[in-house]
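Please open the structure in a viewer and keep the selection panel at hand. The tour below proceeds one selection at a time.

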Amino acid sequence: MFTDNRHPEKGVMSAALGVISVATLVCGVFFSYKNGGQARVQYAAGAFLAAIFSVIGLVLGIMSKFEKDIFNLFPNLGIILNSLSVAFVIFLILLGFGVI
């Protein structure tokens with residue numbers, strides 16, 4: 001590979017935050033299921049932190065897409081994972097209010 005492209009640090013951080021936020025939300029839902037459908041306060045705090053991480057990761061992923069001479073794997077992965085996480089948090093909030 002004779003190229004000057006590189007993996008942007010913001011893109012790698014975006015992907016890492018996306019993995020952390022998705023894993024946190026999956027664990028929160030799984031443990032709530034194991035608890036008979038009752039979510040503890042710790043699970044809500046984890047979901048809140050996952051929402052913050054996913055918004056930060058989404059911003060970092062979008063910022064890294066504008067860099068020049070980069071590989072697009074990590075920015076794209078970060079944008080996808082963080083978008084899924086934000087959408088899932090919005091879904092959980094709407095589900096909690098009884099809208100859905």
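In which crossing, left-handed or right-handed, does helix 1 pass helix 3? Viewed together, helix 1 passes helix 3 in a left-handed crossing. Before looking further at this pair, please note that the model is predicted.

**The whole chain**

Select the entire protein chain. The chain contains 3 helices and 0 strands, and reading along the sequence gives the pattern α-α-α. Its radius of gyration is 16 Å, well over the 13 Å that the globule rule gives for 100 residues, so the chain is more spread out than a compact globule. Along the principal axes, the C-alpha trace spans about 55 × 25 × 15 Å.

Colour the chain by confidence next. The mean pLDDT of the protein chain is 93, and 99% of its residues reach 70 or more. Among the elements, helix 1 has the highest mean pLDDT (96) and helix 3 the lowest (94).

**Helix 1 with helix 3**

Select residues 9-34, which form helix 1, and residues 73-97, which form helix 3. These two pack at an angle of about 30 degrees, and their axes lie 7 Å apart. Helix 1 and helix 3 are therefore roughly parallel to each other.

Show the side chains where the two helices meet. On helix 1, the residues in contact include Gly11, Leu17, Val22 and Val29; on helix 3, their counterparts include Phe74, Leu81, Phe88 and Val89. The residues of this contact divide into 14 nonpolar, 7 polar and no charged.

**Helix 1 with helix 2**

Keep helix 1 and add residues 41-65, which are helix 2. Helix 1 and helix 2 pack at an angle of about 155 degrees, with axes 8 Å apart. That angle makes helix 1 roughly antiparallel to helix 2. The crossing of this pair is left-handed.

Among the residues that make the contact are Lys10, Met13, Ile20 and Phe31 of helix 1, together with Tyr43, Phe53, Leu60 and Met63 of helix 2. The residues of the contact between helix 1 and helix 2 divide into 12 nonpolar, 11 polar and 1 charged.

**Helix 2 with helix 3**

Finally, hide helix 1 and display helix 2 with helix 3. Their packing angle is about 145 degrees, and their axes are 8 Å apart. Helix 2 and helix 3 cross in a left-handed manner.

Which residues of helix 2 meet helix 3? Ala47, Val55, Leu58, Ile62 and Lys65 are among them, while the residues met on helix 3 include Pro75, Asn76, Ser83 and Val86. The residues of this contact divide into 11 nonpolar, 8 polar and 1 charged.

To close, select Val89 of helix 3: this residue takes part in the contact with helix 1 and in the contact with helix 2.

Conventions: Residues numbered from 1 in each chain as written. Predicted model: local features only at pLDDT ≥ 70, side-chain atom pairs only at ≥ 80, totals over all residues. Heavy atoms only, no water. Axes fitted to C-alpha atoms, helices over the stretch in contact; angles between N-to-C directions. Helix = DSSP H or I, 4+ residues; strand = E, 2+ residues; numbered from the N terminus. Parallel < 35°, antiparallel > 145°, perpendicular 65-115°, else oblique. Left-handed = near helix turned anticlockwise from the far one by under 90°. Contact = heavy atoms within 4.5 Å. Nonpolar A, V, L, I, M, F, W, Y, C, P; charged D, E, K, R; others polar. pLDDT = per-residue confidence, 0-100. Rg over C-alpha atoms; globule rule 2.2 N^0.38 Å.
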